[in-house]
Structures are given as structure tokens and as C-alpha cells.
Amino acid sequence: MSLWKALEGSRVLDLAQPMRRGMPQSPNHPPFRMTLERRHGDMVRPDGGSAANEIIVTGGHVGTHVDALAHVSQDGLLHGGRPAGEVMSHEGFGSLGIDEFEPYVGRCVLLDVAAVHGVDTLPPGYEITPGDLAEAAGDTEIRAGDAVLIGTGWSRLWLSGEEFIGHRNGVPGPGAEAARWLAGHRPRVVGGETIAFEHIAPGRGHATLPVHRIMLVESGINIVETMRLAELLDSGAREFALVLNPLPIVGATGAPVRPLAVID
């Protein structure tokens with residue numbers, strides 16, 4: 001069967017949050033800003049034509065984005081035991097930057113932990129356990145090299161601002177044991193709906209991020225954060241094709257991405 005035939009009748013779901021000034025984000029990163037540098041009418045060509053354009057300023061970890069392996073170090077070491085200082089300069093990273101991420105087109109498994117608990121959205125500060133993930137997977141096999149997404153329903157709160165960020169009440173996500181469960185299946189990439197992917201306890205903020213250490217430093221598994229999964233969760237799809245290709249910004253620790261889910 002040709003690729004085009006296989007795609008007939010498929011739906012494509014956009015899993016990226018829209019990027020706009022003031023959107024929820026981690027306070028640890030520069031905010032997204034966009035302004036029109038030239039407006040229609042500022043310059044008019046002899047034939048009456050005019051063009052508008054903008055300046056965009058953003059951190060690499062704002063909106064829906066992929067974490068590069070260079071994003072996190074532990075005791076000064078990056079993935080593979082490489083000293084961060086050896087590959088880091090004012091121009092970025094000479095190794096393990098987001099430009100080294102190979103575009104992913106392949107199988108993706110969605111673990112809907114919210115559905116396991118019979119809710120649309122997990123409560124703030126809920127720590128996802130290995131048991132939650134195993135129950136969400138059910139009979140669906142997670143193969144080495146797959147992409148694995150965790151459904152918490154948190155993207156339904158995108159427009160709530162402070163509630164989405166979870167400074168006061170926390171954010172649901174996998175704890176360290178759940179991260180080790182995930183890493184044990186050797187996925188190519190993992191992703192979720194929240195700013196930090198992992199469990200954030202009430203009042204703790206981003207004081208420590210052990211899941212980032214386990215994924216990026218210890219296991220070499222990239223993380224996709226702030227995904228828009230509500231429509232995908234509602235579709236009932238639990239296996240589908242995922243297209244994931246972040247901007248190849250040389251030496252960057254992360255970059256915006258527009259993931260696409262192709263479902264039957």
C-alpha cells in the first residue's frame with residue numbers, strides 16, 4: 001500500500017499551543033514577545049504594494065517545545081558523562097544542542113492517566129506513579145524507540161494563567177519512579193501538557209526537577225513540554241503517528257515545535 005493510500009481518511013491534530021505574548025510559561029525562561037516592526041503603509045512601493053513584518057523574541061523553552069540533551073546537567077556533567085564546560089560557550093553548545101535532534105516520524109503511545117482516574121483533568125500536584133502508567137498502557141505495548149505522551153488533561157487549563165503554571169497548588173506529572181518506569185521502556189522521546197512535564201508539588205515550584213535529570217542526563221531521552229493534548233485525549237486515540245521536528249537552532253538547549261498527530 002502506498003503512503004498516500006495509507007493516509008487517506010486520516011485526521012491531523014495540531015498538538016502545539018498558540019504562541020502569544022503573555023502565555024503561561026516557566027519564570028526561569030525569557031518570555032515570548034512579538035511586535036510589528038513594519039506595518040502596512042510604513043513603506044509603499046511605486047505600484048501601491050506594501051508589506052508588514054515582525055520581530056520575535058523568545059526563550060527556547062516557551063510554548064510547546066523540545067528540550068535538548070544539553071538543557072540539564074548533573075554535578076557539571078551532561079548526558080554521557082560529558083563535562084558541560086567542554087561544549088558550552090557564549091554561542092551555545094557545540095554538542096547535544098537541539099540542532100542534533102533528528103526529526104521524529106513514527107509510532108506514538110498516549111498514556112491517559114486522567115482517564116485512569118475517571119476525570120478530565122488530574123488534580124493539581126498529583127504525582128503520577130508507575131502503576132498509573134501501567135494501567136493507562138493496558139495491553140498496549142511500548143516499544144523501544146517509540147514516542148510516549150502522558151495525558152493529564154492539564155492543557156484544558158491553558159487559558160487559566162496562574163492555575164496552569166501551578167505556583168500555589170502544584171502541577172500533575174510523573175515522579176521519579178514513574179520516570180524510571182518510562183526510561184526503562186527506552187522511548188525516543190516523551191512529552192506532556194505541563195510546563196515542566198514532571199510532578200510539581202504545591203508551593204515547591206521548580207526547586208528540583210529529578211525527572212529532567214533521569215530523562216535528559218541519565219537516559220538521553222528528549223522531553224516535549226506544554227503540549228496541547230485535550231482534543232487528542234477526547235478522540236480516544238491511544239496509538240498514532242507523531243511528526244515532531246523542532247526548529248534546528250544551532251547550539252540551543254531547546255526550541256519551539258509544532259507536533260502533529262496523525263490518527264485514523
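**Exercise 1. Helix 7 and its surroundings**

Task: In this predicted model, determine which residues of helix 7 are buried and what covers them.

Solution.
Step 1. Helix 7 spans residues 210–219. A residue is counted as buried when its relative accessible area is under 20%. By that criterion, the buried residues of the helix are Val211, His212, Ile214, Met215, Leu216 and Val217.

Step 2. Next, identify the cover. The elements over these buried residues include two that precede helix 6 in the chain listing, strand 4 (65–67) and strand 10 (173–174), together with helix 6 itself, strand 11 (189–192) and strand 12 (222–225).

Step 3. Inspect the end of the helix. Gly220, just after helix 7, adopts a positive phi of about 70°.

**Exercise 2. Arg180 in helix 6**

Task: Locate Arg180, state whether Arg180 is buried, partly exposed or exposed, and list the residues that Arg180 touches beyond its sequence neighbours.

Solution.
Step 1. Arg180 belongs to helix 6, which covers residues 176–184.

Step 2. The relative accessible area of Arg180 is 39%, so this residue is classed as partly exposed.

Step 3. With residues up to four places away in sequence left out, Arg180 touches Arg213 and Ile214. Ile214 is also one of the buried residues of helix 7, and helix 6 is among the elements that cover those residues.

Step 4. For a distance across the fold, take Glu218: this residue is 38 residues from Arg180 along the chain, and their C-alpha atoms are separated by 10.0 Å.

**Exercise 3. Ser95 in a loop**

Task: Establish where Ser95 lies, whether Ser95 is buried or exposed, and which residues are in contact with Ser95.

Solution.
Step 1. Ser95 is found in the loop that runs between strand 6 (92–93) and strand 7 (104–112).

Step 2. Its relative accessibility is 10%, and Ser95 therefore counts as buried.

Step 3. Apart from neighbours within four places in sequence, the contacts of Ser95 are Ala70, Arg82, Val87 and Glu100.

**Exercise 4. Salt bridges**

Task: State how many salt bridges are counted, then describe the pairs made by Arg258 with Asp14, Arg156 with Asp234, and Asp42 with Arg39.

Solution.
Step 1. Side chains of opposite charge can pair when their charged atoms come close. The cut-off applied is 4 Å between a side-chain nitrogen of Lys or Arg and a carboxyl oxygen of Asp or Glu. The count is 11 salt bridges.

Step 2. Arg258 and Asp14 form a salt bridge with an N to O distance of 2.8 Å. This pair links distant parts of the chain, 244 residues apart: Asp14 is in strand 1 (residues 11–14), and Arg258 is in the loop between strand 14 (254–256) and strand 15 (260–263). Arg258 has a relative accessible area of 58% and is thus exposed. The pair also takes part in a network of salt bridges that links Asp14, Arg228 and Arg258.

Step 3. Arg156 and Asp234 meet in a salt bridge at 2.9 Å, N to O. These partners are 78 residues apart, with Arg156 in the loop between strand 9 (147–151) and helix 5 (162–165) and Asp234 in helix 8 (residues 230–235). Arg156 is partly exposed at 32%, whereas Asp234 is exposed at 56%.

Step 4. In the salt bridge of Asp42 with Arg39, the closest N and O atoms are 3.6 Å apart. Asp42 is partly exposed, with 43% relative accessibility, and Arg39 is exposed, with 52%.

**Exercise 5. Cavities**

Task: Determine how many cavities of 30 Å³ or more the structure holds, and characterise the lining of the largest cavity and of the second largest.

Solution.
Step 1. The search of the whole structure yields 2 cavities of 30 Å³ or more.

Step 2. The largest cavity, of about 40 Å³, is lined by Phe164, Ile165, Val171, Thr194, Ile195, Ala196, Ile200 and His206. Its lining has 6 nonpolar, 2 polar and no charged residues.

Step 3. The second largest cavity has a volume of about 30 Å³. Its lining residues are Pro24, Gln25, Ser26, His61, Val62, Gly63, His65, Ile195 and Thr226. By class there are 3 nonpolar, 6 polar and no charged residues.

Step 4. Compare the two lists: Ile195 appears in the lining of the largest cavity and also in that of the second largest.

Technical notes:
Residues are numbered from 1 along each chain as its sequence is written. This is a predicted model: local features need pLDDT of at least 70, side-chain atom pairs count only at pLDDT 80 or more; totals for chains, interfaces and linings use all residues. Side-chain values use heavy atoms; hydrogens and water are left out. Helices (H or I, at least four residues) and strands (E, at least two) are DSSP runs, numbered from the N terminus. Buried means under 20% relative accessible area, exposed over 50%, partly exposed in between (1.4 Å probe, protein chains only). On a 1 Å grid over the protein atoms alone, a cavity is a set of points where a 1.4 Å probe fits but cannot get out, and a pocket is an open set with protein on both sides within 12 Å along at least five of seven lines; lining residues have an atom within 4 Å of a point. Grid points are joined across faces, edges and corners, and a volume is the space filled by probe spheres set on the points. Ala, Val, Leu, Ile, Met, Phe, Trp, Tyr, Cys and Pro count as nonpolar, Asp, Glu, Lys and Arg as charged, and the others, Gly among them, as polar. Contact means heavy atoms within 4.5 Å.
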